[in-house]
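Please open the structure in your viewer and keep the selection tool at hand. The tour below proceeds from one selection to the next.

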Amino acid sequence: MRKLLALALLIALPPLAFYGWFEVSVRRIVTEQGLDGSYRNALKHASASSYLYSGLRLLGLSEAIAEEMVVRCGMVNEFAELYVKRGKPDTTLEIMKDLQNNMVGIGVAKWLENNSAETRVTLFVVLGQQGILALSQNTLGFSDSRESAADYPGAKNWFMARREQIDRDVQSTLDIVARRNGNLIGTSMGE
């Protein structure tokens, strides 16, 4: 029994520490930046996936493999939350929002591979203002019909159908804003 408990702790502690660190740091960032509270959950998901993707790329993984690993990690997280989250479980729209924000984080990390910015948070705020970083379930453009139940397979299917479009939206929005602002948020490293 003790060995099983030790194994469970070894499996559970790293993800808990990883997400716990982002929970704490995002609360600090939201307060320091004077951001609306709706940024908190969005930044947590986007930041975690962005840094995880960048870390995997630093370890030498290809873009495709790193992206797939981070996407799958986010899906496992959302699935696990259906069973371990205390209080009110996530709705379908909440799961969809979290998966979208995970992809936004990956998109920001990809953009930063060829560009520079003051901070990732700056990029996330721009994407939140443009409606790409989903600050609330309303950002997704659905009525309340999906709010009552947690349909994980439906949310996953919705995300998989939109995954590439989310990444394209991130890349094009950051490129446009960088050009419009005279590269204040980013400058191409190749230029």
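The charged end of which residue sits over the ring of Tyr51? Select Tyr51 and Arg120 together: the charged end of Arg120 is placed over that ring, 4.2 Å from its centre. Please bear in mind throughout that the model is predicted.

**The whole protein**

Now display the entire chain as a cartoon. The protein contains six helices and two strands. Followed from the N terminus, the elements come in the order α-α-α-α-β-α-α-β. Of the 191 residues, 43% are buried. Switch to a surface view: about 10700 Å² is exposed, and carbon and sulfur atoms supply 58% of that area. Consider the contacts as well: among those between residues at least 6 apart in sequence, 73% join residues at least 24 apart.

**An aromatic pair**

Next, select Phe79 and Tyr152. A search of the whole structure finds two aromatic pairs. In the pair formed by Phe79 and Tyr152, the ring centres are 5.3 Å apart and the planes meet at 65 degrees; because an angle over 60 degrees counts as edge-to-face, this pair is given that description. Colour the two helices concerned: Phe79 belongs to helix α3 (residues 63-84) and Tyr152 to helix α6 (residues 152-180). The pair thus links distant parts of the chain, with the two positions 73 residues apart in numbering.

Are these two residues buried or exposed? Phe79 has a relative accessibility of 39% and counts as partly exposed, whereas Tyr152 is buried, at 12%.

**The cluster and the surface patch**

Add Tyr83 to the selection. Ring pairs join Phe79, Tyr83 and Tyr152 into a cluster. Then remove Tyr152, add Val84 and show the surface again. Phe79, Tyr83 and Val84 make a nonpolar surface patch of about 360 Å². Val84 lies in helix α3. Val84 has a relative accessibility of 62%, so it counts as exposed, the cut-off being over 50%.

**A residue in a loop**

Finally, select Asp90. Asp90 is found in the loop between α3 and α4 (92-114). Its relative accessible area is 7%, so Asp90 is buried, the limit being under 20%. Which residues does Asp90 touch, not counting those up to four places away in sequence? Show them as sticks: they are Glu78, Glu81, Leu82, Lys85, Ile95, Asp98 and Ala150.

Conventions
Residues are numbered from 1 along each chain as its sequence is written. This is a predicted model: local features need pLDDT of at least 70, side-chain atom pairs count only at pLDDT 80 or more; totals for chains, interfaces and linings use all residues. Side-chain values use heavy atoms; hydrogens and water are left out. Rings of Phe, Tyr and Trp (its six-membered ring) pair if their centres lie within 6.5 Å; planes under 30 degrees apart count as stacked, over 60 as edge-to-face and the rest as tilted. Helices (H or I, at least four residues) and strands (E, at least two) are DSSP runs, numbered from the N terminus. Buried means under 20% relative accessible area, exposed over 50%, partly exposed in between (1.4 Å probe, protein chains only). A charge sits over a ring if NZ of Lys or CZ of Arg is within 6 Å of the ring centre and within 35 degrees of the ring normal. Patches are made of residues with over 30% relative accessible area and no salt bridge: like charges are joined within 9 Å, nonpolar side chains (Val, Leu, Ile, Met, Phe, Trp, Tyr) within 5 Å. Accessible areas come from the Shrake-Rupley method with a 1.4 Å probe; for residues, only the protein chains shown count as cover. A salt bridge is a side-chain nitrogen of Lys or Arg within 4 Å of a carboxyl oxygen of Asp or Glu. Contact means heavy atoms within 4.5 Å.
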